[in-house]
Structures are given as structure tokens and as C-alpha cells.
Amino acid sequence: MLTNYFRIAWRNLLKNRLFSLINILGLTVGMTFAMLIGLWVKHELSFDTFHENRERVAIVLKNVLFNNDKITHFAEPLPLYDELKSAYPEVKRLTRLDLGIPHILKVDENSFNKSGLYVDPDFLKIFSFPLVKGNPETVLAEPNAIVLTESLAEGLFGNDDPIGKIVRMDNQHDLIVTGVAKDVPKNSTLGFEFLVPFEHNIQVNDWVKNAKTQWGNSFIRIMVELNEGASMEAFSAKIKPILQQKMNDPKRGTLFLHPLTKWHLYSEFKDWVNVGGRINYVRLFAIVGLLVLLIACINFMNLSTARSEKRAKEVGIRKAIGSQRQQLIGQFLCESLLTAFFAFLLSLELLSLVLPLLKDLGFENISFDFTNISLLLVVFAACVLTGLLAGSYPAFYLSSFAPVKVLKGAMNLGKGAITPRKILVVSQFTFSIALMISTVIVYQQIQHAKNRSLGYDPDNLISFRATSDLIKNYHVLKQELLNTGMVEAVSSASSPMTEIWNMWRDFSWPGKDPNSNILFSAIMTGYDYDKTSGLKLKEGRFFSSEFATDSSAVILNEAAVKTIGFNDPIGQSIKLGDRTLTVIGVIENIVMDDPFRPVLPSAILFNPRWISNITLRLKSDADLRMALAAIQPIFEKHNPAYPFEYRFVDQEFERKFISEKQVGKLAGIFAGLAIFISCLGLFGLAAYMAESRTKEIGMRKVLGATVINLWAMLSKEFIVLVLMSCLIASPLAVWFMKSWLEKYQYRIDIGWWVPLLAGGLALFIAMLTVSYQAIRAALANPVEALRYE
């Protein structure tokens with residue numbers, strides 16, 4: 001019987017090639033992107049699940065009030081480590097973690113610029129990063145030890161055994177390889193290519209050594225593993241007042257634990273409350289993926305029920321000769337399952353073609369393993385469910401026909417499904433239009449942030465990390481760069497133009513509220529910082545060698561002037577601790593950190609010895625290739641142990657929009673897919689309507705109806721449905737996107753024209769889709785139409 005079902009199903013597919021093609025194509029696209037989203041969701045949910053002790057591991061975070069904003073921060077003071085280690089028996093293990101900056105690792109002629117972590121010996125016991133060589137109990141015991149990942153060890157030593165050999169770091173420190181770890185999995189929140197004991201960081205950096213007793217200097221992360229049975233909630237309550245007690249200051253913030261299981265998906269806080277994070281996108285895209293697949297299933301339902309007149313006599317005859325309703329349901333479900341199976345095979349091929357094209361949209365670590373039997377079984381089960389879902393309504397609807405009424409022609413066939421069919425079409429286009437509105441708003445928000453005044457000129461600006469050799473040779477380096485004729489200006493600073501590395505609360509001024517906790521971003525620099533970066537001076541002047549007093553001068557941004565309350569800031573005094581500073585200039589706000597947030601109060605101090613970054617500006621008429629060729633030998637001359645590496649400031653600024661761009665592009669892709677699949681269904685319905693009304697069209701044409709009259713008659717119903725979809729989608733999409741925009745302090749207002757644009761575009765596409773079939777039917781020879789059937 002089952003074989004017979006599938007044989008008839010195959011014949012019906014071949015007999016109705018157009019409708020079969022539409023169904024298979026729609027389901028193929030729907031399944032492909034449902035599988036894509038499923039693979040991405042699976043990858044996101046797998047983060048950090050490989051850690052054996054993950055349920056007892058957490059990072060110490062703190063809630064602080066800065067500039068009247070409730071902020072949750074990860075940076076902790078160094079003394080907190082010893083405090084937790086010695087005074088809290090709930091802690092089984094803990095580690096400090098300093099991300100630091102990339103370091104040059106060199107062995108003979110092999111050198112690499114890699115990112116690593118300063119950690120404590122417990123790190124490899126807390127986290128499950130297995131070693132292929134070395135003992136996790138001892139590999140980080142000595143300050144001059146280093147643990148490499150497998151790929152880095154191979155790059156530095158080839159096939160030789162690296163254990164016990166020397167690696168030179170930053171051309172300053174010799175470290176002994178004590179272990180080799182497996183490469184960090186792609187689904188790990190923590191990433192590294194080498195590990196160095198935190199004690200080494202203390203030994204080689206005096207400022208870190210001095211910070212061991214400084215409760216007010218927060219720069220490290222602290223991670224703990226609690227003993228079994230210890231409650232994270234209870235421990236969070238216990239450590240909450242530590243900072244306030246140690247510093248005798250209620251403004252110093254409160255501590256709490258954030259579990260490892262939430263690091264990746266629940267990383268965002270607003271007003272000290274966890275508001276999710278990537279989990280919001282995981283849920284959203286999972287829903288969108290299912291809805292895209294559902295739209296394809298709706299097409300199948302609509303076309304099947306619309307063609308009920310064609311199948312009615314078949315159902316009547318089958319029932320008349322003894323077929324049971326269950327058998328007819330089985331027949332129709334077999335047809336939908338066969339359609340779904342063909343779509344499934346095509347979707348697997350399409351998946352392999354599409355995945356490489358989505359690497360820049362967050363799918364770079366996503367792959368489909370065709371050798372994974374369990375994965376294939378899961379997606380095949382999803383295929384079966386899709387077939388059953390798509391075929392269920394048509395199967396039950398078609399099998400319900402009464403044979404006597406059908407065979408007598410007394411049944412008004414197809415009409416009973418018109419209302420559900422309209423609802424399904426409206427649902428399809430509602431979802432599609434809502435996605436289109438969302439795409440436009442995401443694009444607007446990105447452009448809104450990108451087009452705000454940055455306070456400096458990022459074009460032709462190149463940034464270099466300052467190494468010890470570059471710092472030592474800075475003045476000679478600067479002059480030689482200027483002598484190339486390609487460079488307009490060179491300056492040094494304590495941080496790059498696109499990052500804030502120093503946040504200080506020690507600024508004070510007359511009239512400051514002693515209970516306030518105001519944070520300033522601080523930039524230390526020398527001469528020509530303004531000329532190099534293109535700062536926009538509002539009043540006053542920049543640092544100059546003509547003024548010997550500039551060592552005690554400060555330049556404020558507009559936000560700082562507003563925070564302090566100066567009406568005439570030039571010549572006014574503020575204090576940094578016990579040091580008095582005179583305001584000599586005011587600049588436009590510089591967007592250095594999050595482009596979606598207001599700019600923090602900033603202070604630029606004259607300190608040419610604090611060099612962490614070197615920036616140069618190329619002349620506007622300089623050829624980039626020739627300019628890089630001219631400056632490369634100069635950097636290699638003064639920095640021989642390091643490769644010539646640089647970053648364009650405008651590109652670094654663009655990187656701040658990666659997440660939003662990915663969301664926008666994915667929303668656009670989903671909107672396009674939803675419209676495409678919906679229009680496929682519309683095309684099929686229009687084709688069927690034109691076919692079923694062939695005689696009527698012929699008679700109307702003979703009686704004088706024009707092509708426009710016939711087009712309007714055939715298109716009117718679909719246009720009304722799309723307009724209804726616009727009316728439903730617009731308020732829903734606007735409401736949802738308003739809640740999405742709430743996470744950004746610097747955001748757009750949604751214009752009235754956005755829903756109008758999306759609805760108009762959807763209506764235009766739908767009219768094109770329907771018009772092809774409508775005009776084709778209207779232009780047909782009426783003689784042929786009247787001979788029809």
C-alpha cells in the first residue's frame with residue numbers, strides 16, 4: 001500500500017510540474033536557511049560546555065555608579081585576588097587574568113605576534129584546556145614559564161619537541177616552554193595562543209608590582225571555582241561589600257559572581273541588571289529561521305487547497321470504491337513527504353554552496369559534517385516533520401470531501417479553503433514586511449552612528465603599537481618619518497584613537513559634589529597630537545614647545561566642560577589628585593569607544609614619556625603603496641625584533657559596527673528570502689486562478705473587457721491581502737525595533753516613512769509577481785479560452 005502511495009505521489013508531481021517546482025523550490029530555500037540557523041544556534045549554545053567544572057566557575061564583576069550611569073564592569077583591583085584566596089573558604093581555586101596586549105614570540109628566525117594571557121597556576125585546573133605535553137599541576141609554577149598552543153608550538157619549533165626550549169618575548173624576556181596545550185576550541189569564550197604566569201607580569205612591570213596594594217587601581221579579571229555545595233548567590237552576597245569596606249568609600253561599587261555558563265550568551269548588563277546579550281539574537285534568529293520554513297510550508301498548503309477542484313473527483317471516486325479517509329490522508333501525506341524529501345536533498349547541496357558565502361556574517365566557524373550520522377538523522381527528522389506539517393492541512397481538507405456531492409457536482413469546491421488561504425497569505429507577507437522594516441531600521445541605526453562627528457579625522461591615519469625599541473628611538477623615528485616626504489605628522493599617546501585605556505576618577509574642581517563618582521577618560525600625549533589626529537579645537541590652544549608651563553596644562557573635551565560646569569573654561573584650574581592643572585584648550589568630543597553611546601568627559605594631559613601607541617598621518621596626496629614602502633624600512637630599522645605591523649584608524653573604527661552589520665545583513669537576507677518564498681506562492685496561486693478562470697476571462701474579453709480590466713480583476717484580491725499585511729506588520733515591527741533600539745543610548749527615531757517604504761516595496765514586488773500571470777491570461781486568444789475544457 002505504501003509503495004502505491006508513493007507511486008501515485010510521483011505521478012502527481014510529474015503531472016503538475018509547475019506547482020511541484022514551486023513547492024520544491026520554496027521548501028528547499030526554507031529548509032536550507034532553517035538548517036543554517038539551526039547550525040548557528042547549536043554553535044552558540046555549545047559555548048564553554050566543554051569545561052568540566054563549568055557549573056562552579058564564575059568571574060567576579062562589580063556594579064559601579066560612574067557619571068550617574070549604573071555600569072557593570074569586569075576590571076578588579078589586584079589586592080582582591082589575595083583577599084579572596086585567603087579569607088573565603090568557599091573558593092576552591094582562583095586565577096587572575098590579564099589580557100594585556102599582543103606579544104612578539106621569537107625562536108631563531110621564526111617570530112609571531114600573538115595574543116596570550118597572564119594567568120595563575122590554577123587556570124588549567126579551573127578550565128578544561130587539555131595539555132598534550134606537560135603537567136597541568138606544574139607548567140605555570142615558575143614565573144619564567146610559557147605554555148604554547150599546538151599550532152603556535154609548531155610554528156615556532158616545527159616538528160621538534162618544544163619542552164624545555166627558550167622562547168624570547170618582546171625581545172626582552174626569555175621564557176622556558178613547560179607545556180603545550182591543544183588549540184582553544186572555537187566555541188570558547190576565553191581565547192589564547194599562549195599562557196604566561198601572572199607572577200612574570202609582576203616581575204617585569206613595576207606598575208603591576210605597585211598595584212598589589214592599590215585597591216583603587218582596577219585592571220585585571222578574577223575568576224573563581226567554588227567548592228562543591230557552595231552557592232554562587234550566597235557567595236555573591238558575601239563578597240558584595242568588599243571594595244566599600246577596604247576603601248571606606250560607599251561609591252566604590254559592589255561585587256558579585258557571573259557564572260561561566262552565562263559568559264557568552266548573557267554578557268550584557270543595563271542599570272546593574274543582566275538583560276541578556278547574544279541569547280537575544282539566538283532566540284530571534286531561531287524564530288526567524290522557523291518562520292521562513294513555515295512560509296514555505298504555507299505555500300504548499302495554499303497551492304494544495306487551491307487546487308482542490310482538480311483532486312475532488314479523484315477523492316470522490318476513491319471513496320465510492322471503498323477508500324477510507326485514513327487511506328486518503330496517507331496518500332496526500334505521502335505526496336507532501338515526497339516533495340519534502342526532494343527539497344531536503346536539494347537543500348543539503350544548497351547548504352554546502354551557501355555556507356562559504358556567509359563567513360563574514362558570523363558563520364565562519366559553522367560547518368555541516370556530512371559524516372555525522374546523528375546530525376544527518378536530526379535534519380532528516382526535521383525534513384519529515386516539515387513534510388507532515390506542510391501536508392497536514394491539505395490532507396485533512398481534501399479527504400473530508402463527501403463523494404456523493406463531489407460526483408454530482410453539487411459541492412462548491414475550493415471555496416471552503418479561501419478564508420484560511422487568505423489568512424495564510426496575509427501571515428506570509430506580514431512576516432516578510434516586518435523583516436523589511438527591521439532591515440531598514442538596523443541600517444539607519446548603523447549609519448546614524450557612523451555619520452556622527454568623530455571629533456577627529458580618521459582618513460590617512462595609521463596606528464602602531466609602541467614597543468620598547470620604538471619608545472627608546474621615538475624622536476629619531478619621528479624625524480626620519482617626516483623626512484620621507486610622505487608623512488604629514490607623527491605623535492605618541494597612551495592609547496590608540498579608537499580605544500580608551502585609562503579611566504580616572506581622581507579629577508576634582510571647585511564646587512564638585514564630594515559624593516559624586518565622576519569618571520574621566522585620560523589621554524597622555526606629547527606635541528603634534530592635535531595635528532596628527534586632526535582634533536577640532538573649540539577654543540584655546542594645543543600643547544606647544546613655546547610654553548614651558550604645558551607640563552601642568554590640560555585640554556578638556558566638551559563633555560568634560562559640561563560636567564564640570566565651566567562657562568569660560570580657558571585659564572580655569574582643576575586638580576588631578578594633589579596636582580593642579582590649568583585648562584588651555586577645549587576640543588570637540590572625540591568618539592573613541594562605543595559609537596552608540598555618549599562621549600565620556602575626557603582630559604588630555606601633556607606627558608610625552610607615556611608612549612603606548614604611535615600614530616602618523618600620511619599626506620593627503622601621498623600614494624598609499626609608496627608611502628608604506630617608504631616608512632617600512634624606518635620601522636624595521638628602529639624595531640628590528642618585530643614585524644612591520646600597522647592598523648588603519650578608519651578600518652579600526654569600522655570594526656566597531658561588525659555585530660550590527662551582521663544583524664542588518666542577516667535581517668536583509670531573511671527579508672529577501674521571505675519575500676521570495678511568499679512571491680513563489682503568490683505566483684502559483686495567480687497561475688492557478690488564471691487557469692481556473694480561463695472561460696470567464698475569454699467571455700469577458702469577447703464582451704469588451706480590456707487587458708487593464710482583466711488585470712485588475714485577477715490582481716485585486718492579492719493586492720488587498722498585501723495591503724492588509726502592511727497594516728498588521730507596520731505597528732508590530734515598529735514596536736519590536738523600538739525595544740531593540742533601547743539598548744543604544746545614541747539612537748535614531750523611527751520615521752513614519754520606513755513602514756511606508758517597506759510596504760510599498762512589498763506591494764510592488766507582489767504586483768509584479770501577480771501581473772505576469774494576470775497579463776498573460778488577459779492577452780490569451782479568447783477563442784482558445786472558450787474552447788477550454
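Glu652 and Arg647 form a salt bridge in this predicted model, and their closest N and O atoms are 3.6 Å apart. Arg647 counts as partly exposed because its relative accessible area is 31%, which falls between the 20% limit for buried and the 50% limit for exposed. Salt bridges that share partners also join Arg56, Arg93 and Glu225 into one network.

How many salt bridges does the structure hold? There are 23. The idea behind them is simple: side chains of opposite charge can pair when their charged atoms come close. Three of these pairs are set out here.

| Salt bridge | N to O distance |
|---|---|
| Glu652 and Arg647 | 3.6 Å |
| Lys450 and Glu654 | 3.3 Å |
| Lys238 and Glu90 | 2.8 Å |

Let us follow Lys450 and Glu654, whose side chains meet in a salt bridge. This pair links distant parts of the chain, with the two positions 204 residues apart. Lys450 belongs to helix α15 (residues 418–450), and Glu654 belongs to helix α21 (residues 649–654). Lys450 is partly exposed at a relative accessible area of 22%, and Glu654 is partly exposed at 28%.

Now turn to Lys238, which forms a salt bridge with Glu90. Here, too, distant parts of the chain are linked: the partners are 148 residues apart. Lys238 lies in helix α8 (residues 232–239), while Glu90 sits in the loop between α3 (79–87) and β4 (91–98). With a relative accessible area of 40%, Lys238 is partly exposed.

Some charged residues go without such a partner. Asp530, found in helix α18, is buried yet has no salt bridge. Why does its nearest side chain of opposite charge not make one? That side chain, Lys531, is 8.4 Å away, so the pair does not meet the 4 Å cut-off for a salt bridge. Leaving aside neighbours within four places in sequence, Asp530 is in contact with Leu535 and Phe542.

Close by in the sequence numbering comes a backbone feature to look for. Asp528 has a positive phi of about 75° although it is not a glycine. Its place is the loop between β21 (520–525) and α18 (529–533), and Asp528 is partly exposed at 29% relative accessible area. Asn171 is another residue with a positive phi, of about 60°, and it is not a glycine either. Asn171 lies in the loop between β10 (166–169) and β11 (173–181), where it is partly exposed at 32% relative accessibility.

What about empty space inside? Rolling a probe the size of a water molecule over the atoms shows where empty space is left. The structure holds six cavities of 30 Å³ or more, and the second largest has a volume of about 90 Å³. Its lining includes Trp40, Arg278, Tyr281, Ser659 and Leu666. Two elements, α10 (278–306) and α22 (658–692), each give two or more residues to this lining. Which element gives the most? It is α22, with four residues. By class, the lining has six nonpolar, three polar and one charged residues.

Finally, step back to the whole protein. It has 26 helices and 28 strands, and 51% of its 789 residues count as buried. Among contacts between residues at least 6 apart in sequence, 79% join residues at least 24 apart.

Methods:
Residues numbered from 1 in each chain as written. Predicted model: local features only at pLDDT ≥ 70, side-chain atom pairs only at ≥ 80, totals over all residues. Heavy atoms only, no water. Buried < 20%, exposed > 50% of the residue type's maximum accessible area, 1.4 Å probe, protein only. 1 Å grid on protein atoms, 1.4 Å probe; cavity = no way out; pocket = protein on both sides within 12 Å on 5 of 7 lines; lining within 4 Å. Points joined across faces, edges and corners; volume = space filled by probe spheres on them. Nonpolar A, V, L, I, M, F, W, Y, C, P; charged D, E, K, R; others polar. Lys, Arg positive; Asp, Glu negative; His and termini not counted. Contact = heavy atoms within 4.5 Å.
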